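Subject: Handing over a structure, with notes

Hello,

I am passing a structure on to you, and my notes on it follow below. Please keep the structure open beside you while you read them.

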Amino acid sequence: MVVIFLPANPDTGIISGASVFAGLNGTLVSSLNGGQGLELGTIKIRDRAGTERDINLTGAVTVTDILDRINTSGVNVVAEVKPGANGISLTDQTGSAGTMQ
């Protein structure tokens with residue numbers, strides 16, 4: 001067993017800190033890139049039918065947060081972790097022959 005003592009704020013008595021574990025279904029964004037994390041901002045995705053959205057990833061804490069933002073953006077794509085768990089794949093769901101970007 002490991003015991004970690006965290007100092008409380010002397011004025012409030014509150015102990016605060018950052019997440020160190022994302023849960024069973026998530027990977028912390030801060031643990032990616034060799035532990036350096038990722039600089040998140042707004043990305044643009046366009047499906048093959050031409051639907052395009054700017055998706056703000058700022059503040060995403062886990063990879064699941066990123067996937068959820070993409071998958072609920074209104075672009076007809078499915079974002080998921082690649083089989084080797086080394087990236088995110090986007091799969092167009094429109095059936096159109098256009099270019100996905």
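A good place to begin is Ile-55, although please bear in mind throughout that this is a predicted model. Leaving aside residues up to four places away in sequence, Ile-55 touches Gly-41, Thr-42, Ile-43, Ile-45, Arg-69, Ile-70 and Ser-73.

To place that residue in the whole, it helps to know that the protein has one helix and four strands, and that from the N terminus on these elements run β-β-α-β-β. Of the 101 residues in the protein, buried residues make up 18%. Among contacts between residues at least 6 apart in sequence, 33% join residues that are at least 24 apart.

Ile-55 also belongs to the largest nonpolar core, which has twelve residues, the others being Val-29, Ile-45, Leu-57, Ala-60, Val-63, Ile-66, Leu-67, Ile-70, Val-75, Val-77 and Ala-79. Two elements, helix H1 (63-71) and strand S3 (77-81), give two or more residues to this core, and H1 gives the most, with four residues.

Which residues of H1 are buried? They are Val-63, Ile-66, Leu-67 and Ile-70. Seen down the axis of H1, these buried residues fall within an arc of 95 degrees, so they line one face of the helix. What covers the buried residues of H1 includes strand S1 (42-46), strand S2 (52-56), S3 and strand S4 (88-92).

Two of the H1 residues, Val-63 and Ile-66, appear again in the lining of the largest pocket, together with Thr-27, Leu-32, Leu-38, Val-81, Ala-85, Asn-86, Gly-87 and Ile-88. About 170 Å³ of space lies in this pocket, and by class its lining has seven nonpolar residues, three polar residues and no charged ones.

Finally, please look at Gly-37, which is found in the segment before S1. Is Gly-37 buried or exposed? Its relative accessible area is 11%, and because buried means under 20% on this scale, Gly-37 counts as buried. Not counting residues up to four places away in sequence, Gly-37 touches Val-29, Ser-30 and Leu-32. Two of these you have already met, since Val-29 is part of the largest nonpolar core and Leu-32 is among the residues that line the largest pocket.

With best wishes

Terms used:
Residues numbered from 1 in each chain as written. Predicted model: local features only at pLDDT ≥ 70, side-chain atom pairs only at ≥ 80, totals over all residues. Heavy atoms only, no water. Core = buried A, V, L, I, M, F, W, Y, C linked by side-chain atoms within 4.5 Å. Buried < 20%, exposed > 50% of the residue type's maximum accessible area, 1.4 Å probe, protein only. Contact = heavy atoms within 4.5 Å. Arc of directions from axis to C-beta. 1 Å grid on protein atoms, 1.4 Å probe; cavity = no way out; pocket = protein on both sides within 12 Å on 5 of 7 lines; lining within 4 Å. Points joined across faces, edges and corners; volume = space filled by probe spheres on them. Nonpolar A, V, L, I, M, F, W, Y, C, P; charged D, E, K, R; others polar.
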